[in-house]
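Reader: Could you walk me through this one? I'd like to start with the charged pairs and then move on to the packing.

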Amino acid sequence: MMAEAGAGGPRLAELLALGRRLWEELEASTEPSSGAPAVQEKVRQGLDALQRAAAMVAQLELFSENEELEEIASADLKFMLLPALLGALTLKQVDLSRRREHLESAREHFVRFLKLCRNYGLGSFQLSPGTSSEEGAGSPSIPQDPTQPNLVAMAMSRAAKIERYKQKKELENKLASMSSSVESGTADEDQIREFYILQIQKWIGTSLEEIESIEQELVILRSRDAARQAPGGSRGPSRPARAPVKPFILTRDAAQARVFGAGYPGLPTMTVDDWYEQRRRQGVVSSPQRVPGASDEELQKQQQETEEEKDDEEALQKARDWDDWKDTHPRGYGNRHNMG
């Protein structure tokens with residue numbers, strides 16, 4: 001296996017080193033926007049280098065499901081990180097129109113990495129179909145009412161996250177103390193092997209966390225897409241369109257309607273009573289109705305008020321008729337007394 005990796009020459013190692021260095025620079029970047037051209041150019045270069053390295057690893061068949069971890073050369077262990085690094089860089093792409101595609105692609109990379117680690121017995125996790133991952137290998141399945149929150153599962157998930165965080169800090173401390181000797185070439189075979197296995201274990205925790213975040217974001221994106229595709233008429237019943245009102249002349253009575261009708265033949269005339277009746281048929285106005293539960297005294301009071309309003313209307317009508325009569329009859333009309 002070591003000879004086959006060597007056949008690829010330093011080119012494979014350089015591609016991995018380039019992709020990893022670019023990822024580390026992006027992680028430590030102080031650029032205010034992840035969509036800046038310089039940032040996205042590093043993302044593109046890193047993805048290109050790691051994809052070429054992954055293709056070479058597949059061609060060399062460095063890893064197989066039929067071998068044990070002890071059979072892998074120490075120098076080849078670092079190439080197991082390629083899928084995880086590809087997933088991390090894929091998430092740094094900022095094209096919103098392809099966000100769902102990038103999330104699903106990154107998840108595939110992380111799952112591929114976790115499956116590879118599981119095949120070699122690395123990490124204490126368990127993948128299950130239909131879910132991203134399931135921490136705590138061998139944990140029993142607990143039946144739960146689907147209408148109620150699974151408090152036991154939530155507690156187990158929280159405990160697993162706390163445990164992963166502690167392990168992550170311990171791994172980071174060990175890696176920091178060993179990195180100088182490995183990078184300087186002074187570390188022996190056992191130290192190099194331990195260093196790469198620790199890196200793999202650290203990325204197992206990172207991959208589990210990223211997959212969980214990806215699943216949550218995908219749920220939001222699916223809900224948004226479903227809302228956009230929903231028919232616009234589902235917001236509620238629309239109000240019926242009201243028929244347009246044609247212009248007309250409103251008069252007090254039929255006599256006035258005849259007068260205005262003769263003067264304005266282009267416009268129809270309508271009395272107040274006719275207008276009210278037409279609006280009532282259209283449902284715009286309604287006749288007064290008895291209030292449920294009203295007593296006889298209240299009804300009598302209401303009838304009295306109605307009669308008073310009617311008297312007022314009759315008095316108003318008489319005043320209007322008197323005004324109209326004065327308009328058409330000069331002062332002193334009909335007075336034949338005291339005439340010489």
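**Salt bridges, helix 5 and the core**

Author: Counted by a distance rule, the salt bridges come to 13, and please keep in mind that this is a predicted model.

Reader: Which residue forms a salt bridge with Glu 27?

Author: The partner of Glu 27 is Lys 92, and their closest N and O atoms are 2.8 Å apart. Glu 27 belongs to helix 2 (residues 10–27), while Lys 92 sits in the loop between helix 4 (82–90) and helix 5, so the salt bridge ties together parts that are 65 residues apart in sequence.

Reader: And is Glu 27 buried, exposed or partly exposed?

Author: Glu 27 is partly exposed, its relative accessible area being 47%, and Lys 92 also counts as partly exposed, at 23% relative accessibility.

Reader: What about Arg 99, which residue forms a salt bridge with that one?

Author: That is Glu 217, with 2.9 Å between the closest N and O atoms. Since Glu 217 lies in helix 7 (residues 189–229) and Arg 99 in helix 5, the pair ties together parts that are 118 residues apart in sequence.

Reader: Buried or exposed, for Arg 99?

Author: Arg 99 counts as buried because its relative accessibility is 18% and the cut-off for buried is under 20%. Glu 217, at 26%, counts as partly exposed.

Reader: Which residue does Arg 107 meet in a salt bridge?

Author: The side chain of Arg 107 meets that of Glu 215, at 3.0 Å from N to O. This pair links distant parts of the chain, with Arg 107 in helix 5 and Glu 215 in helix 7, 108 residues apart. Glu 215 is partly exposed, with a relative accessible area of 24%.

Reader: Which residues are linked in a network of salt bridges?

Author: Arg 100, Glu 104, Arg 224 and Asp 225 are linked in such a network.

Reader: Let's turn to helix 5 itself. How many residues does it have, and how far does it reach?

Author: Helix 5 covers residues 99–119, which is 21 residues, and it reaches 30 Å from its first C-alpha to its last, close to the 30 Å expected at 1.5 Å a residue. After the helix comes Gly 121, whose phi is positive, near 75°.

Reader: Which of its residues are buried?

Author: The buried residues of helix 5 include Leu 103, Ala 106, Phe 110, Phe 113, Leu 114 and Cys 117, and Arg 99, His 102 and His 109 are also among them. As a general point, residues three or four places apart in an α-helix point the same way because there are 3.6 residues a turn.

Reader: Now the packing. Which residues touch the most other members of the largest nonpolar core?

Author: That core has 56 residues, and Phe 63, Met 80, Phe 113 and Leu 122 touch the most other members. Helix 2, helix 3 (37–60), helix 4, helix 5, helix 6 (151–184) and helix 7 each give two or more residues to the core, and the largest share, 12 residues, comes from helix 7.

Reader: What is Phe 113 in contact with?

Author: Leaving aside neighbours within four places in sequence, the contacts of Phe 113 include Met 80, Leu 81, Pro 83 and Ala 84, along with Ile 200, Trp 203, Ile 204 and Ser 207.

Reader: One last residue, Thr 90: where does it lie?

Author: Thr 90 lies in helix 4 and counts as buried, at 5% relative accessibility. A polar atom of the Thr 90 side chain lies 2.6 Å from the backbone oxygen of Leu 86. Not counting residues up to four places away in sequence, Thr 90 touches Leu 47, His 102, Ser 105, Ala 106 and His 109.

Definitions and conventions:
Residues are numbered from 1 along each chain as its sequence is written. This is a predicted model: local features need pLDDT of at least 70, side-chain atom pairs count only at pLDDT 80 or more; totals for chains, interfaces and linings use all residues. Side-chain values use heavy atoms; hydrogens and water are left out. Helices (H or I, at least four residues) and strands (E, at least two) are DSSP runs, numbered from the N terminus. The expected span of a helix is 1.5 Å times one less than its number of residues. Buried means under 20% relative accessible area, exposed over 50%, partly exposed in between (1.4 Å probe, protein chains only). A salt bridge is a side-chain nitrogen of Lys or Arg within 4 Å of a carboxyl oxygen of Asp or Glu. A nonpolar core is a set of buried Ala, Val, Leu, Ile, Met, Phe, Trp, Tyr and Cys residues joined through side-chain atoms within 4.5 Å. Contact means heavy atoms within 4.5 Å. A polar contact is a pair of N or O atoms within 3.5 Å; within protein, one must be able to donate a hydrogen and the other to accept it, and residues adjacent in sequence count only if both atoms are side-chain atoms.
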